[in-house]
Amino acid sequence: MTETQKSATLSLNGDTYELPIFSPTAGPDVLDIRKLYAQAGVFTYDPGFTSTASCDSTITYIDGGKGELLHRGYPIDQLASKSHYLEVCYLLLYGELPTAAQLEDFETRVTRHTMVHEQMHNFFRGFRRDAHPMATLVGVVGAMSAFYHDSLDVTDPWQREVAAIRLIAKLPTIAAMAYKYSIGQPFVYPRNDLDYAANFLHMCFSVPAEEYHVNPILSRAMDRIFILHADHEQNASTSTVRLASSSGANPFACIAAGIACLWGPAHGGANQACLEMLKEIGSVDRIPEFIERAKDKNDPFRLMGFGHRVYKNTDPRAKVLKQSADEVLELLGVEDNPLLQVAKELERTALNDPYFIEKKLFPNVDFYSGIILEAMGFPTSMFTPIFALSRTVGWISQWKEMIADPQNKIGRPRQLYLGETLRDYVDIEKR
Ligand code: CMC
């Protein structure tokens, strides 16, 4: 972060204040208002943080106008086509692509942590048998702090590293267990001879009664979905993780907070909501009716999987997923999948509609991912847990960056108070 010679002048009640300007390596300049309240006695007002840089970071960069997403400078489409998920995890966590030896060591460390404490199986059994896997995931990840006491001290870099590896390694196991529990099947232990994505499919779809062979095409598609969801700079769930951890809370509690935030339909819950919407639309002839509803201000309905706070152009992840959807469905022999047809026609119609053009609303990552996941055999309730397990590395990378930053301090926004001013308590019989 470089403070340039540039500054902005604020004129307020006859006084002037110089606000330093930071120049990023990419993206718009940033006004430094940290001393504003101390000097001028005013707050800034920005609900939804539409104009606020909450931190500095070197991990992920998005150019919403161009539709560009870079992790440590590498474009997401190159990572999706040339890399694999654990390599991307290494890149996000440590800042550079690994050498072959570094990658082997990292993969070994992750693989050796994929099992969960056996007592956790009992913990799962406390949930209602038909619990939504996201409900189970929030609870079990939070409960990891009760099982892994030796990686809770956030002031110790070694414990932070162990917690990071544990979370990346165990999230697929916990997500798969949440799924198995919700359908009444026995938990399946991880297999160290399988790669990260193949192992997840194995834990979700194998049963003790018969052999399960992971289809390499599906595990490659799964891996690509993991890569595309790995990080996305200061989105709502990442900001939640950062805010929760600014108090010094342990990493498992903070990641559970991130999972809770992700669950909402405006964020990671949109993938489930999008597939349910495509099913409700059902056929291309009903698309105009839903487009009209999305445009009607008196109807709360929104086109799920459409629009983004930052992208005002196609979400680059959606481009890769659209292509992936075609490939996966063709390889599975279901290329005439009616949902894919509805999705493609809905996209075409919306992108030609003045409402969506004017508001710069494009398909986002959640628009095509559900079609692929459903074709792979996942129920809609597993879509957001899959997003959560993929995003864990992003949350952890941002958390590690924040904790190691000497400027880290507790997050404490202020407010524009519009309530009553001081008044005296009224006894109940006089109200
Ligand atoms: N359908 C219809 N209208 C929309 C949509 C949509 N999907 N998205 C935004 N708009 C309209 C909105 O009504 C508003 O209109 P007006 O200016 O007339 O009031 C305008 O576009 C701007 O919308 P906003 O809600 O102020 O924008 P935001 O940046 O606060 O919200 C969003 C971004 C992603 C929450 C929103 O676009 C949305 O709700 N999309 C549907 C849910 C979704 O797909 N979420 C996944 C996001 S990407 C993955 C992730 O983050 O997890």
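Is K295 buried, partly exposed or exposed, and what is its relative accessible area? K295 is partly exposed, because its relative accessible area of 23% lies between the 20% and 50% limits that separate the classes. This is a predicted model, and the points below take up its salt bridges, the surroundings of its ligand and a nonpolar patch on its surface.

**Salt bridges**

- The count of salt bridges comes to 22, and the pairs described here are some of them.
- The side chains of K295 and D353 meet in a salt bridge with an N to O distance of 2.8 Å; this pair links distant parts of the chain, with K295 in helix α13 (residues 287-295) and D353 in the loop between α15 (338-351) and α16 (354-358), 58 residues apart.
- D353 is buried, with a relative accessible area of 10%, whereas its partner K295 is partly exposed.
- Salt bridges that share partners also join D105, R109, E161 and K400 into one network.
- D299 and R293 form a further salt bridge through their side chains, at 2.8 Å from N to O; D299 counts as buried at 18% relative accessibility, while R293, at 27%, counts as partly exposed.
- Between E68 and K66 the side chains meet in a salt bridge at 4.0 Å, N to O, where E68 is partly exposed with a relative accessible area of 25% and K66 counts as exposed at 57%.

**Surroundings of the ligand**

- The ligand is surrounded by 22 residues, of which the closest are H267, L303, G305, R309 and K359.
- By class, this shell around the ligand consists of eleven nonpolar, six polar and five charged residues.
- Oxygen atoms of the ligand are approached by two side chains: a polar side-chain atom of H267 lies 2.7 Å from an oxygen atom of the ligand, and an N or O atom in the side chain of R309 is 2.7 Å from an oxygen atom of the ligand.
- For F306 the contact involves the backbone, with a polar backbone atom 2.9 Å from a nitrogen atom of the ligand.
- Taken alone, the ligand exposes 930 Å², and the protein buries 74% of that area.

**Nonpolar surface patch**

- Y45, L416 and L418 form a nonpolar patch on the surface, and together they have about 410 Å² of accessible area.
- Within this patch, L418 is placed in the segment after α18 (383-404), and L418 counts as exposed because its relative accessibility is 74%, over the 50% limit for that class.

Terms used:
Residues are numbered from 1 along each chain as its sequence is written. This is a predicted model: local features need pLDDT of at least 70, side-chain atom pairs count only at pLDDT 80 or more; totals for chains, interfaces and linings use all residues. Side-chain values use heavy atoms; hydrogens and water are left out. Patches are made of residues with over 30% relative accessible area and no salt bridge: like charges are joined within 9 Å, nonpolar side chains (Val, Leu, Ile, Met, Phe, Trp, Tyr) within 5 Å. Accessible areas come from the Shrake-Rupley method with a 1.4 Å probe; for residues, only the protein chains shown count as cover. Helices (H or I, at least four residues) and strands (E, at least two) are DSSP runs, numbered from the N terminus. Buried means under 20% relative accessible area, exposed over 50%, partly exposed in between (1.4 Å probe, protein chains only). A residue is near a molecule or strand if one of its heavy atoms lies within 4 Å of it. A polar contact is a pair of N or O atoms within 3.5 Å; within protein, one must be able to donate a hydrogen and the other to accept it, and residues adjacent in sequence count only if both atoms are side-chain atoms. Ala, Val, Leu, Ile, Met, Phe, Trp, Tyr, Cys and Pro count as nonpolar, Asp, Glu, Lys and Arg as charged, and the others, Gly among them, as polar.
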